[in-house]
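Hi,

Here is the structure I promised to pass on to you. Have a look at it first, and then read on for what turned up when I went through it.

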Amino acid sequence: MSELDFFMKNDARTAIERVEKLLDCGIFQQKNSSHVLFQAAFIELLIALRDLMCKTEKYSSRIVFDDDVKKTERIKDVTDLIKYVRDALCHPDSDNHYIEAGNIKATFNVVFGQGSLLKIDGFEQSSLYKDDICFFFGSQGIYLKRHIVRAFHEAKSKLHPIFAESV
């Protein structure tokens, strides 16, 4: 495990503060789904969260829960899922926007609560939970509460003792 220097600590603190502000601002409510900043807020959220996942893995230990994660060759846990979604958001030409079942692009589809958006050739984009929001990119879905918020809290908890150390 490497030591977190002053600049890395500051970057991590900034990412944590930004994630907290984005989660607390109310943009991810259904009534705001057509707001011009809804997608921008999600992009910033995933960029900051991906950074925290990297720092947590490097300076503490990887976040590895896999509840409701659709496992593939590239995606084994929530850290991989966050990277996949962040890559899709930052790279419009990425294959992460396509469903493996065919040459179908399905990106930034959102389900508030429980429901299904798409069914094709044995594949379905659906959210299983009434109390959550699911964002879809290609064949993958990421839940706001079950993946993003949980991973964020785990990262924050793992990084907190490191912040307490003097620089």
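**Around Val-111**

Val-111 touches Leu-117, Ser-127, Asp-132, Ile-133, Cys-134 and Phe-136, leaving aside residues up to four places away in sequence. Please keep in mind throughout that this is a predicted model. Val-111 belongs to strand β3, which covers residues 107-112. With a relative accessible area of 7%, Val-111 is buried, because anything under 20% falls in that class. One of its contacts, Cys-134, is buried as well, with a relative accessible area of 2%. For a sense of distance, Lys-76 lies 35 residues from Val-111 in sequence, and the two C-alpha atoms are 23 Å apart in space.

**The hairpin**

Strand β4 (residues 115-120) and strand β5 (residues 123-127) run antiparallel, and five bridges join them. If you want one pair to look at, take Leu-118, whose bridge partner in β5 is Gln-125. The two strands form a hairpin with two residues between them. Asp-121 sits in that turn and has a positive phi of about 45°, in case you would like to check the backbone there.

**Salt bridges**

Side chains of opposite charge can pair when their charged atoms come close. How many salt bridges does a search of the whole structure find? The count is 14, and I picked out a few for you.

Glu-44 and Arg-18 meet through their side chains in a salt bridge, at 2.4 Å from N to O. This pair links distant parts of the chain: Glu-44 is in helix α2 (residues 38-59), Arg-18 is in helix α1 (residues 6-24), and 26 residues separate them. Both ends are partly exposed, Glu-44 with a relative accessible area of 31% and Arg-18 at 36%.

Arg-62 and Asp-77 form another salt bridge, with 2.8 Å from N to O. Here, too, distant parts of the chain are linked, as the partners are 15 residues apart, both in the loop between α2 and α3 (78-90). Are the two partners buried or partly exposed? Arg-62 counts as partly exposed at 24% relative accessibility, whereas Asp-77 counts as buried at 6%.

Asp-87 and Arg-86 also meet in a salt bridge, at 2.6 Å from N to O. Asp-87 is buried, with a relative accessible area of 11%, while Arg-86 is partly exposed at 22%. Elsewhere, salt bridges that share partners join Glu-57, Arg-62, Asp-77 and Asp-80 into one network.

**Cysteines**

A disulfide is a covalent bond between the sulfur atoms of two cysteines. How many of them does the structure hold? The answer is zero. Cys-54 is in no disulfide, and the nearest cysteine sulfur, that of Cys-90, is 12 Å away. At 34% relative accessibility, Cys-54 counts as partly exposed.

Why is there no bond for Cys-134? The closest cysteine sulfur, in Cys-90, is 19 Å from the sulfur of Cys-134, which is too far for a bond because a disulfide needs the two sulfur atoms within 2.5 Å. This is the buried Cys-134 that you met above among the contacts of Val-111.

Happy browsing, and write back whenever you like.

Best wishes

Definitions and conventions:
Residues numbered from 1 in each chain as written. Predicted model: local features only at pLDDT ≥ 70, side-chain atom pairs only at ≥ 80, totals over all residues. Heavy atoms only, no water. Helix = DSSP H or I, 4+ residues; strand = E, 2+ residues; numbered from the N terminus. Buried < 20%, exposed > 50% of the residue type's maximum accessible area, 1.4 Å probe, protein only. Contact = heavy atoms within 4.5 Å. Salt bridge = Lys/Arg side-chain N within 4 Å of Asp/Glu carboxyl O. Pairing = 2+ DSSP bridges.
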